[in-house]
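Open the model in your viewer and keep the sequence panel beside it. Follow the stops in order, selecting the residues as they are named.

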Amino acid sequence: MRPAHASATSPADLVREFHLAFGLDARSTPAEVSPELAAHRGELLAEEAAEVAEVAVTGPLDRLAHELADVVYVAYGTALVHGIDLDAVIAEIHRANMTKLGPDGLVARRADGKVLKGDHYRAPDVAAVLRRQGWDTGER
Ligand SMILES: [Mg+2]
């Protein structure tokens, strides 16, 4: 845990600062939240994603940058509301994506250019990441 006076730098830190300053939900352990809150967060994210789609082709570039940042900000906020350490989840997604690279360093591609999952691919285990964060699935 960072001291309160330390300046925030990562998206997770910045968004936590925002949620605490404005009295928004913030949890430290992964948990389901009320359907109303979950739906509200989903709507916020859908709005921002729609704003990205609006400017993705026509720009201008500063609008695109702004809306992309809004998506990330709201996504981190939604993770925080659910008590998810999103940085750890992103690291797991990245780990899995990097296993698409063969041991020879070569990328297997389909004729249309899509990166294929080779023999060394290991899918992300997001549930395991959440369990390490204290997610109680009720399984014994
Ligand atoms: Mg926006």
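Start by selecting Leu-14. Leu-14 has a relative accessible area of 33%, so Leu-14 counts as partly exposed; buried means under 20%, exposed over 50%, and partly exposed in between, with a 1.4 Å probe and protein chains only. Leu-14 sits in helix H1, residues 11-21. Helices here are DSSP runs of H or I with at least four residues, strands are runs of E with at least two, and both are numbered from the N terminus.

Before moving on, note that this is a predicted model, in which local features need pLDDT of at least 70, side-chain atom pairs count only at pLDDT 80 or more, and totals for chains, interfaces and linings use all residues. Residues are numbered from 1 along each chain as its sequence is written, and side-chain values use heavy atoms, leaving out hydrogens and water.

**The nonpolar patch**

Keep Leu-14 and add Phe-18, Phe-22, Leu-24 and Tyr-73: together they make a nonpolar surface patch with about 440 Å² of accessible area. Patch residues have over 30% relative accessible area and no salt bridge; like charges are joined within 9 Å, and nonpolar side chains (Val, Leu, Ile, Met, Phe, Trp, Tyr) within 5 Å. The areas come from the Shrake-Rupley method with a 1.4 Å probe, and for residues only the protein chains shown count as cover.

**The aromatic cluster**

Now hide the leucines and show the rings. Two aromatic pairs are counted. Rings of Phe, Tyr and Trp (its six-membered ring) pair if their centres lie within 6.5 Å; planes under 30 degrees apart are stacked, over 60 edge-to-face, and the rest tilted. Phe-18 and Phe-22 make a tilted pair, 4.8 Å between centres and 40 degrees between planes. Phe-22 is exposed at 58% relative accessible area, while Phe-18 is partly exposed at 30%.

Turn to Phe-18 and Tyr-73. Their centres are 5.7 Å apart and their planes stand at 75 degrees, so this pair is edge-to-face. Phe-18 belongs to helix H1 and Tyr-73 to helix H3, so the pair ties together parts 55 residues apart in sequence. Tyr-73 is partly exposed, at 35% relative accessibility. Phe-18, Phe-22 and Tyr-73 form one aromatic cluster.

**The magnesium site**

Which residues coordinate the magnesium ion? Select Glu-48 (OE), Glu-51 (OE), Glu-67 (OE) and Asp-70 (OD), which bind at 2.1 to 2.2 Å. Donors are N, O and S atoms within 2.8 Å of the metal (3.2 Å for Na, K and Ca); water is not among the atoms, so sites may look incomplete. Along the chain, the donors of the magnesium ion have the spacing E-x2-E-x15-E-x2-D.

Glu-67 and Asp-70 share helix H3 (residues 61-81), three residues apart, about one helical turn. Is Glu-67 buried or exposed? Glu-67 is buried, at 5% relative accessible area. Asp-70 is partly exposed at 21%.

**The salt bridges**

Stay on Glu-67 and add Arg-63. Their side chains form a salt bridge, 3.3 Å from N to O. The term means a side-chain nitrogen of Lys or Arg within 4 Å of a carboxyl oxygen of Asp or Glu. Five salt bridges are counted. Glu-67 and Arg-63 are four residues apart in helix H3, about one turn. Arg-63 is partly exposed at 31%.

Next, select Arg-95 and Glu-92. Their closest N and O atoms are 3.0 Å apart in a salt bridge. Both lie in helix H4, residues 86-98. Glu-92 is buried at 11%; Arg-95 is partly exposed at 25%.

Finish at Arg-110 and Asp-112, a salt bridge of 2.7 Å, N to O. Asp-112 is exposed at 55%, and Arg-110 is partly exposed at 42%.
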